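I had a free hour with this one and kept a few notes as I went. Here they are, in the order I looked things up.

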Amino acid sequence: MSDSIILGIESSCDDTSAAIIKGNCILSNIAANQAIHKEYGGVVPELASRAHQQNIIPVVEKSITKANIQQNAISAIGFTRGPGLLGSLLVGTSFAKSLAMSLNVPLIEVNHLQAHILAHFIEDANPMPPQFPFLCLTVSGGHTMIVLVKDYFDMEIIGKTIDDAAGEAFDKIGKIFDLDYPAGPIIDRLAKEGNPDAFTFNKPRMENYDYSFSGIKTSVLYFIQKEVRKNPDFIKENLNDLCASVQRTIIEILMAKLEKAAKELNIKEVAIAGGVSANSALRKVMQDYHEKSGWNIYIPKFEYTTDNAAMIAMVAQLKYERGEFTDMKTSATAKYDL
Ligand code: KG4
Ligand code: ZN
């Protein structure tokens, strides 16, 4: 890999992030999270765009200072073109274009989902990067899918959710429990003190490698409504067990399809990526599969799980080497296939 220095910019949802990569080594990875959405129990697109506007310059400046480089050492600007919230993407896209123009360097568009997966090739992401072909369970607030990764830019979605994403299920169920947004990390923490077998919730019966998470959400909602009628303090008194049981169910749903795909395609290189891959129980279950099924597992470092610009810079570096640059006329896109 070349030693080029590239700036990556991520602004697809509610994190404004900038990172500097040299070769595949991350020199800085700065993120400003938008606390404002907590008050609303979810991301408010309009507020996210405004916060990106406020954050983007300080975050980019910080990434350059932290990397200890001069602006003129930057060889290209990588940015998230999609998928994501259009207003949020527009801020990063417009800023990336302007900066590329002023520095007179190429502009490189990055697919956010490819970036979650290719984060595994960052130097300090894994002791050894995955070997092609590998399976990657990509689980975030917006997406849940099993991707067959045949090469860096040759990916096939073999299964995906037909309704909610796994992260969305964590967040929506967290809302039923009156937890803050995003509830995924909170459920993870509370589940540590709970019994995962305390409660049973419905699991979907889906064909092939597809997922569905709307059923578990409804199952939890009806169960809670019924119990709260009998005991108004039910949630408070059982919060740890509820979180542990929900988490176990979501992980079982995720792993059943991943296991089926690994078996049927005879692939033992298995990775996870995306925000939900930060989940400590999911990471532990992957470890179990390594031991019981002989999978070579790839679990991203925490800083490369939720949205970050390091993964954007990584993809930009791979495209830079291939000379794949983006025209200045490009525009952000809310939908962007793998
Ligand atoms: O990848 P990401 O940062 O943003 C999207 O592209 O969606 O993923 C955010 C999602 C949220 O739904 C959040 O609740 C979930 O990832 N998440 C977790 C954990 N950390 C983040 N879910 C379960 N356990 C966690 N530790
Ligand atoms: Zn993401």
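**Around the ligand**

I began with the backbone: a polar backbone atom of Gly 142 lies 3.2 Å from an oxygen atom of ligand 1. Keep in mind, as I did, that this is a predicted model.

Next I checked how well covered the ligand is. Ligand 1 on its own exposes 560 Å², and the protein buries 89% of that. I then asked which elements give two or more residues to the shell around ligand 1. They turned out to be helix 3 (112–118), helix 4 (166–176) and helix 5 (184–191).

Two histidines came up when I went through the side chains. An N or O atom in the side chain of His 116 is 3.3 Å from an oxygen atom of ligand 1. For His 112, a polar side-chain atom sits 3.5 Å from an oxygen atom of the ligand.

I listed the whole shell too. It holds 18 residues, and the closest are Gly 141, Asp 171, Asp 188, Asn 279 and Asp 307. By class, I noted five nonpolar, 10 polar and three charged residues.

**Two domains**

I looked up the domain split next: domain 1 covers 5–119 + 304–322, and domain 2 covers 130–299. Where does ligand 1 lie with respect to domain 1 and domain 2? Both domains give residues to its shell, so ligand 1 lies between them.

I took the C-alpha centres of domain 1 and domain 2 and found them 27 Å apart. Across the boundary, 18 residues of domain 1 are in contact with 19 residues of domain 2. The two domains bury about 1600 Å² between them, and carbon and sulfur atoms give 76% of that area. On the domain 1 side, Leu 113, Ile 117 and Thr 305 supply 36% of the area buried against domain 2, more than any other three residues.

**Backbone oddments**

I finished with the backbone angles, which you may want to check before any set-up work.

- I found a cis peptide bond between Gly 82 and Pro 83, with omega about -10°. Pro 83 is in the loop between strand 4 (76–82) and helix 2 (86–103).
- Phe 132 and Pro 133 are also joined by a cis peptide bond, with omega about -10°. I placed Pro 133 in the loop between helix 3 and strand 6 (134–139).
- Asn 104 is not a glycine, yet I noted a positive phi of about 60° there. Asn 104 belongs to the loop between helix 2 and strand 5 (107–111).

Methods: Residues numbered from 1 in each chain as written. Chains lettered and ligands numbered in written order. Predicted model: local features only at pLDDT ≥ 70, side-chain atom pairs only at ≥ 80, totals over all residues. Heavy atoms only, no water. Near = heavy atom within 4 Å. Polar contact = N/O pair within 3.5 Å; in protein donor to acceptor, adjacent residues only side chain to side chain. Areas by Shrake-Rupley, 256 points an atom, 1.4 Å probe, with all protein chains shown as cover. Helix = DSSP H or I, 4+ residues; strand = E, 2+ residues; numbered from the N terminus. Nonpolar A, V, L, I, M, F, W, Y, C, P; charged D, E, K, R; others polar. Domains from an automatic or database assignment. Contact = heavy atoms within 4.5 Å. Buried area = accessible area lost by both parts, 1.4 Å probe.
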